[in-house]
Amino acid sequence: MKISCAWMYAIGTYGFPPKVTDIYAAVREMRALGFRYGELEGIGYDNLAQVIAQKKVIRQAYRDAGVDISSFAVLLPGVISLDPAERRKAMDWFRRGAEAAAFLQSANLWIDSYFPPLELLEGTLPTTALVYGQGLRVRVPNGFSWDEFWKRFVEAVAECADAAREQGLPLLVEPRVGETVSTSDGMLRLWDALRDENLGFILDVAHQHAQKEMLPLAIEKLGRHLKYVHVADNDSRENRHLPPGNGNVDWEEVFSSLARRGFDGFFAVDLEKLPDLGGEFDRTRRFLEQAARDHHL
């Protein structure tokens, strides 16, 4: 089993998004917690630009710590904008991020599925701040067309997949609660629209559990398109990202299903900001190591 420290460790420890200067400490702490793999993110234009500008130093920091990058997330909601100018700007920066991911020797390039262009009445978008356990209230604006938006969304993901392929990297899409793709069926619909072997999906256990997915069935449905797993727990009523055992995810069936499918991708510990966050990441890593032994993962 390849166990990674999700970027949520750095966010929970240093803020959203972490400053580039905090990356050097965060990656050393990941290694001290027992992780040989860790994530990295460029969140928005300013943060991504700083990561790109410091990519040589960042790559050396990961090397010095003995940590390999399991996935680099280039998170720019503008790539799915219906405004052509904003979309061109975002895609230009995405391609720069893809080049940086290859330079950093990341195993994967990752995007979110992003919030559709609705009017947000209540709640916080995850691209603004990571707030768990909240609800969202939205209004569909006048003139919005789902069919038109979905067409543009598919085109945007296709362009991101092409940019990743040019750098020799697979593109992973992470569905999250409230975003354009939020369920296993949504992932499969996106796959059917693109039929691109360079496209894969992240199963975020906590997000999918909060979506009331039957996780073993979701794993079976996604099959070979499932490339990466984010590990966290909740009670399926609130979208929390808690340590395994602090919710009601049936982890035995999750691991059994993944083993049956022959899953060989990364498991990333993905906990929200909690007291003793480092200790919780360490305990969850150990939980995964035991699961690997029990289920031959």
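**Figure 1. Surroundings of Thr284 in the predicted model.** At 2% relative accessibility, Thr284 counts as buried, the cut-off for that class being under 20%. The model shown here and in the other views is a predicted one. Thr284 belongs to helix H11, which covers residues 277-295. Apart from neighbours within four places in sequence, the contacts of Thr284 are Val231, Pro243, Pro244, Val269 and Leu271.

**Figure 2. Salt bridge between Glu272 and Arg240.** The two side chains meet at 2.9 Å, N to O. This pair links distant parts of the chain, 32 residues apart: Glu272 is in the loop between strand S10 (266-269) and H11, and Arg240 is in the loop between strand S9 (226-231) and H10. Glu272 has a relative accessibility of 7% and therefore counts as buried. Arg240, with a relative accessible area of 26%, is partly exposed.

**Figure 3. Salt bridge between Asp112 and Arg176.** The distance from N to O in this side-chain pair is 2.8 Å. Asp112 lies in strand S4 (residues 109-112), while Arg176 lies in the loop between strand S7 (171-174) and helix H7 (184-194), so the pair ties together parts that are 64 residues apart in sequence. Both Asp112 and Arg176 are buried. In total, the structure holds 23 salt bridges.

**Figure 4. Salt bridge between Glu122 and Arg137.** The side chains of Glu122 and Arg137 meet at 4.0 Å, N to O. Glu122 is in strand S5 (residues 119-122) and Arg137 in strand S6 (residues 137-139), and the pair links these distant parts of the chain, 15 residues apart. Glu122 has a relative accessible area of 44% and is partly exposed. Arg137 also counts as partly exposed, at 45% relative accessibility. Salt bridges that share partners join another set of residues, Arg87, Glu148, Arg152 and Glu155, into one network.

**Figure 5. Surroundings of Glu41 in strand S2.** Strand S2 spans residues 37-43 and includes Glu41. With a relative accessibility of 9%, Glu41 counts as buried. When neighbours within four places in sequence are set aside, Glu41 is in contact with Trp7, Ile11, Asn47, Val51, Phe72, Ala73, Leu75 and Trp110. Gly135 serves as a point of reference: its C-alpha atom is 25 Å from that of Glu41, and the two residues are 94 apart in sequence.

**Figure 6. Negative surface patch around Glu252.** Asp250, Glu252, Glu253 and Asp294 form a negative patch on the surface. Within this patch, Glu252 is placed in helix H10, residues 251-260. Glu252 counts as partly exposed at 47% relative accessibility, which passes the 30% that patch residues must exceed.

**Figure 7. Gly143 and its separation from Asp250.** Gly143 sits in the loop between S6 and helix H6, the latter covering residues 146-166. Its relative accessible area of 80% makes Gly143 exposed. Asp250, one of the residues of the negative patch, lies 107 residues from Gly143 along the chain, and the C-alpha atoms of the two are separated by 42 Å.

**Figure 8. Cis peptide bond before Pro17.** The bond from Phe16 to Pro17 is cis, and its omega is near -15 degrees. Pro17 is in the loop that runs between helix H1 (8-14) and helix H2 (20-32).

**Figure 9. Positive phi at Gln105.** Gln105 is not a glycine, yet its phi is positive, at about 60 degrees. This residue is placed in the loop between helix H5 (84-103) and S4. Gln105 counts as exposed, with 53% relative accessibility, the cut-off for exposed being over 50%.

**Figure 10. Positive phi at Lys212.** The phi of Lys212 is positive, about 65 degrees, although Lys212 is not a glycine. Lys212 is found in the loop between helix H8 (205-210) and helix H9 (215-222). With a relative accessible area of 53%, Lys212 is exposed.

Definitions and conventions. Residues are numbered from 1 along each chain as its sequence is written. This is a predicted model: local features need pLDDT of at least 70, side-chain atom pairs count only at pLDDT 80 or more; totals for chains, interfaces and linings use all residues. Side-chain values use heavy atoms; hydrogens and water are left out. Patches are made of residues with over 30% relative accessible area and no salt bridge: like charges are joined within 9 Å, nonpolar side chains (Val, Leu, Ile, Met, Phe, Trp, Tyr) within 5 Å. Accessible areas come from the Shrake-Rupley method with a 1.4 Å probe; for residues, only the protein chains shown count as cover. Lys and Arg count as positive and Asp and Glu as negative; His and the chain ends are not counted. The place of a charge is taken as NZ of Lys, CZ of Arg, CG of Asp or CD of Glu. Helices (H or I, at least four residues) and strands (E, at least two) are DSSP runs, numbered from the N terminus. Buried means under 20% relative accessible area, exposed over 50%, partly exposed in between (1.4 Å probe, protein chains only). Contact means heavy atoms within 4.5 Å.
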